[in-house]
Amino acid sequence: KSYPLIKREIPDVRMILVTGPRLAGDSINVPKGVETREYVPSLYLHLAACDLAIVQAGGTTTLELTALKKPFLYFPIEGHCEQEKYVAGRLLRHRAGIGMKLSETDPQKLAERVVSNIGKETDYAPISADGARNAARLILKQFS
């Protein structure tokens with residue numbers, strides 16, 4: 001419902017809704033102009049090409065968006081401890097994403113957040129990428 005409001009402000013906007021493997025794309029009523037995709041292999045490549053993502057607060061997706069330094073809005077499932085506490089806490093530490101609540105968001109508010117954040121430069125804290133090396137070092141210590 002936010003798409004027409006966003007399109008009014010950004011006429012050349014392109015919105016792609018990824019429904020995932022559990023929900024058929026044609027089972028959702030979307031406004032004209034919104035493209036749907038079901039399962040997207042290598043979703044992180046799709047995310048790397050976006051100007052803004054709107055996601056549920058899943059740990060993997062939000063971490064990938066943080067590593068890619070992409071602006072994103074995230075909606076933790078309300079009452080879901082991992083998403084509301086741990087994922088949101090990690091995102092806060094990395095200064096990544098904009099947390100929102102589905103119960104407090106209407107189409108106008110979502111459109112305003114999209115318009116004001118699409119393509120925005122990010123200043124996320126870096127994510128360590130040497131976990132495998134550190135694990136190998138610890139394992140080698142056990143056999144030295």
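The following questions and answers examine how terms are applied to this predicted model.

Q: What makes the contact of Arg14 with Glu35 a salt bridge?
A: The closest N and O atoms of Arg14 and Glu35 are 2.7 Å apart. A salt bridge requires a side-chain nitrogen of Lys or Arg within 4 Å of a carboxyl oxygen of Asp or Glu, so the pair qualifies. The two residues belong to distant parts of the chain, 21 residues apart: Arg14 lies in the loop between α1 (3-9) and β1, and Glu35 in strand β2.

Q: Why is Arg14 called exposed?
A: Its relative accessible area is 57%. Exposed means over 50%, therefore the term applies to Arg14.

Q: Why does Glu35 count as partly exposed?
A: Glu35 has 24% relative accessibility. Buried means under 20% and exposed over 50%, so the value for Glu35 falls in between.

Q: What links Arg14, Glu35 and Arg37 in a network?
A: The network consists of salt bridges. Besides its pairing with Arg14, Glu35 forms a salt bridge with Arg37, where the closest N and O atoms are 3.1 Å apart. Arg37 is partly exposed, with a relative accessible area of 30%.

Q: How do you know that Asp123 and Arg95 form a salt bridge?
A: Their closest N and O atoms are 3.9 Å apart. The limit is within 4 Å, so this pair is also counted. Asp123 is in the loop between α5 and α6 (131-142), whereas Arg95 is in the loop between α4 and β5, 28 residues apart. The structure holds 3 salt bridges.

Q: Why do Asp123 and Arg95 receive different exposure terms?
A: Asp123 has a relative accessible area of 57% and is exposed, while Arg95, at 48% relative accessibility, counts as partly exposed. The cut-off for exposed is over 50%, so the value for Arg95 does not meet it.

Q: Why are β3 and β5 said to stand at the edges of the sheet?
A: The open sheet has 3 strands in the order β3-β4-β5, with parallel pairing. Strands β3 (53-56) and β5 (98-99) each have a single partner strand, so one side of each is left without a neighbour in the sheet.

Q: How do you know that β4 and β5 pair?
A: Strand β4 (residues 72-75) and β5 share 2 bridges in the parallel sense. Pairing needs at least two bridges, so the criterion is met. Within this pair, Leu73 stands opposite Ile98 in β5. Helix α5 (residues 107-117) packs on the sheet, touching β3, β4 and β5, and its direction makes about 150° with that of β4.

Methods
Residues are numbered from 1 along each chain as its sequence is written. This is a predicted model: local features need pLDDT of at least 70, side-chain atom pairs count only at pLDDT 80 or more; totals for chains, interfaces and linings use all residues. Side-chain values use heavy atoms; hydrogens and water are left out. Helices (H or I, at least four residues) and strands (E, at least two) are DSSP runs, numbered from the N terminus. Contact means heavy atoms within 4.5 Å. Axes are lines fitted to C-alpha atoms, for helices over the stretch in contact, and angles run from 0 to 180 degrees between N-to-C directions. Buried means under 20% relative accessible area, exposed over 50%, partly exposed in between (1.4 Å probe, protein chains only).
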